[in-house]
Each structure stands twice: as structure tokens, then as C-alpha cells.
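Visitor: I'm new to reading protein models, and I'd like a close look at one part. Could you walk me through how the helices at the start of the chain pack, and then show me what else is there?

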Amino acid sequence: MLEKIKALKGEIEAAAPETALQLEELRIRLISKKGVISQLFEEFREVDPLLKKEVGKALNELKNSAMEKINRLKELLDARQEEGSRADLTAPGDALTLGSRHPLAIVRNRITSIFGRLGFTVAEGPEIEDDWHVFSALNFPPEHPARDMQDTFFIEKNPDILLRTHTSSVQIRVMERSQPPIRAIFPGRVFRNEAISARSHCIFHQVEGLYVDQNVSFADLKQTLLYFARELFGEGTEIRLRPSYFPFTEPSAEMDVSCSICGGKGCNLCKYTGWLEILGCGMVDPNVLEACNIDSNKYTGYAFGMGIERITMLLYGVKDIRLYFENDVRFLRQFRSAL
Ligand code: PHE
């Protein structure tokens, strides 16, 4: 009997009901007419008369402490409830701060939607690539400097496994698995072993475009890029194509847009040339088509590739490429109103 009293005492001390309902359950279990303490009083009748004094005292103490505890808990819960109801229901709520898209995602989405309206679908490829898809199938000669350790992050040598240095690798993947007509763009992350500065980073993003069909011409390329430039930078935008070189296109060109700040008159942004370089492009080299089992006598194609960081810099006046990767909310919050 004394054991039972001791155990119950411990239980009462440890009890910590959180709600009025839990407290009521505790009260019923302990001190109601059919509760455990009343039961003990029943059992008390059978206790050896010699022990009655000691047991009776313990039992009375248990009953008192149970009642005391329950009263104290009731006061506590009542006080807590009162405090809750004293809250000022007319006070204005705390506004939820809205998140924002990352500026690179905003610009990538704009680019994919412009080309989407021209019938280009979107495809993606792996960031970890092999030499074939990043270089060999794209007509890079074996000794081309881009394959050098200085540009490329290699994961394994022989056979070469590497981080793609451009999204042109996705052209190859798409052409390998489908026959023309192919009209798609490939947004994605690329990696180059370059020193990090305000102008360059070892990780950046590109959007690649590819159109292969019968009778695709350089004029088609030019017209598509003009439409794109005007959709992105505004109606009055002009473009200019300068001859260039890429192993996988022939002829190749670099495209400039008229400076969005000075409109071509010359300013700090365009270094007083009136033009801003934004992408590389050209007609897909027949060797590339053949490497993907596409008949280069029947089909021609164009391709272009641009850096999203650079275009975002031009659109929003971002002066340091490192800002894109630091996730400083003071920078990111400024894009809250953009889509
Ligand atoms: N892949 C080239 C680069 O990273 C860009 C490019 C793509 C040029 C497609 C021509 C055609 O610089």
C-alpha cells in the first residue's frame, strides 16, 4: 500500500497537462469518486491495524497534494487562456514577405518563352559529359586549346569525363537521338576553369539554340536573332553580325545588339562603340551533322549560344557577376516585381 502511494505521488508531481481537457482527465483519474485515491481509501479498510496510523497519514497527504496540484494547474491554465483572449484582435497582421525569382531564372524564362513563341522546344542534357559530346562531335581538332586543362574541369582522364564547358553538347545529344526537323533550345549550367572576377566566373549559364531542316539558311538565322533581340531588349533594337570562328559552325559570327542604354550613341556600358556583344552563332558545320548521323547533303542548320549572366547584366545593370552566386537577399529582393 505504501508503495502504491509513493508511485502515485511521483506521478502527480510529474503530471503536466497542456490543455483543460487533459487536466480534467487527470482530475477524474485521481480524485473523482471512482478515482485511484478513492480506491486506496477502500483498500485502507483492510490494512493491518498496526499500520493504519502510518498508512492513513500518507494517504491523506497524497489526497491533499493531488487536490492542491490540480487546483494550481487549473489556475495556471485559466491565466494562460485569459492572456490569449487579451490579444488585440484589431492589430494589423504581420505581412508575409514574398520571395522572388533569381534574376538568372527570370531572364532564362524570358528567353525560353521568346523562342517558345517561334516554335522552339526546350531540352536539357547532363552537366557531367564526355569528350565526344563536348568536343569531338563538335569538330574540335584534337589539339584545340579549349580541351586544355586550363579551360576544362576534368573528372577523369582517359576516357575523358569532364564538366561541360558549353551547352553545345546538348545539340549533339539531341541530334543523335532525332532526325530533322529539329528546333530546340537548351538552357543550362556550364563550367570553365577560370579565375573568379567581376566579369567571369567558373560557373555560368548559357542558352543554346539549334534549328536543323531542309533549306535552313543564314538569312533564317539572322531574322530569328533580330526578332529575339527586339523581344528581349525592345522594339528599336538593331543587331549586327561580325565574322567569327567556332569549330562547330561555318560560317560563324558574333552578334551585337545596339546599346540599350545610349541607343547606339556611345556610352560607358558599350565603351563608346554603340554595340554590345551578346551571342555566338553560325551555320552548323556539315561534319557535326555527319557525326550525329544526319545527312549533310539533305539538311542544313543554324546554331547560336549566349550567356545568361551577361544578358542579365545588360538588362538590369548588374555590374559584378559574383552577385548572382552570393545569394545576398538585398540583391535578390530587387527582382521581386519581375516575373
Ligand atoms: N558554344 C559557344 C560558346 O560557348 C557559343 C556558340 C553556340 C557559338 C552555338 C555558335 C553556335 O562560346
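Guide: Let's begin with the helices and then move on to the sheet. Keep in mind that this is a predicted model.

First, get your bearings: the protein is divided into domain 1, residues 2–82, and domain 2, residues 103–335. Taken over C-alpha atoms, the centres of domain 1 and domain 2 are 78 Å apart.

Now for the helices. Two packed helices are described by the angle between their axes and the distance between those axes. Try that on helix H1 (residues 2–14) and helix H4 (residues 52–85): their axes come within 10 Å and cross at roughly 15°. Angles under 35 degrees count as roughly parallel, so H1 is roughly parallel to H4. The crossing of H1 and H4 is left-handed.

Who actually meets whom? On the H1 side you'll find Leu-2, Ile-5, Leu-8, Lys-9, Ile-12 and Glu-13, and they meet Glu-54, Val-55, Ala-58, Leu-59, Leu-62, Ser-65, Ala-66 and Lys-69 in H4. Sort the contact of H1 with H4 by class and you get nine nonpolar residues, one polar and four charged.

Next, look at helix H2 (residues 20–31) and helix H3 (residues 36–44). Their axes come within 4 Å and cross at roughly 5°, which makes H2 roughly parallel to H3. H2 brings Arg-29, Leu-30 and Ile-31 to this contact, and H3 brings Val-36, Ile-37 and Ser-38. The contact of H2 with H3 divides into four nonpolar residues, one polar and one charged.

Then there's the sheet. Strands of a sheet pair through backbone hydrogen bonds, either parallel or antiparallel. Here you have an open sheet of seven strands in the order S1-S5-S6-S10-S9-S8-S7, and the pairing is mixed. Strand S1 (121–122) and strand S7 (239–246) stand at the edges with a single partner strand each, so one side of each has no neighbour in the sheet.

Zoom in on strand S5 (residues 182–191) and strand S6 (residues 203–213): they run antiparallel, with 10 bridges joining them. Want a spot to find by eye? Arg-183 stands opposite Tyr-211 in S6.

Finally, a helix packs on this sheet too: helix H8 (residues 218–233) touches S7, strand S8 (249–258), strand S9 (275–284) and strand S10 (300–307). The direction of H8 makes about 150° with that of S9.

Notes
Residues numbered from 1 in each chain as written. Predicted model: local features only at pLDDT ≥ 70, side-chain atom pairs only at ≥ 80, totals over all residues. Heavy atoms only, no water. Axes fitted to C-alpha atoms, helices over the stretch in contact; angles between N-to-C directions. Helix = DSSP H or I, 4+ residues; strand = E, 2+ residues; numbered from the N terminus. Parallel < 35°, antiparallel > 145°, perpendicular 65-115°, else oblique. Left-handed = near helix turned anticlockwise from the far one by under 90°. Contact = heavy atoms within 4.5 Å. Nonpolar A, V, L, I, M, F, W, Y, C, P; charged D, E, K, R; others polar. Domains from an automatic or database assignment. Pairing = 2+ DSSP bridges.
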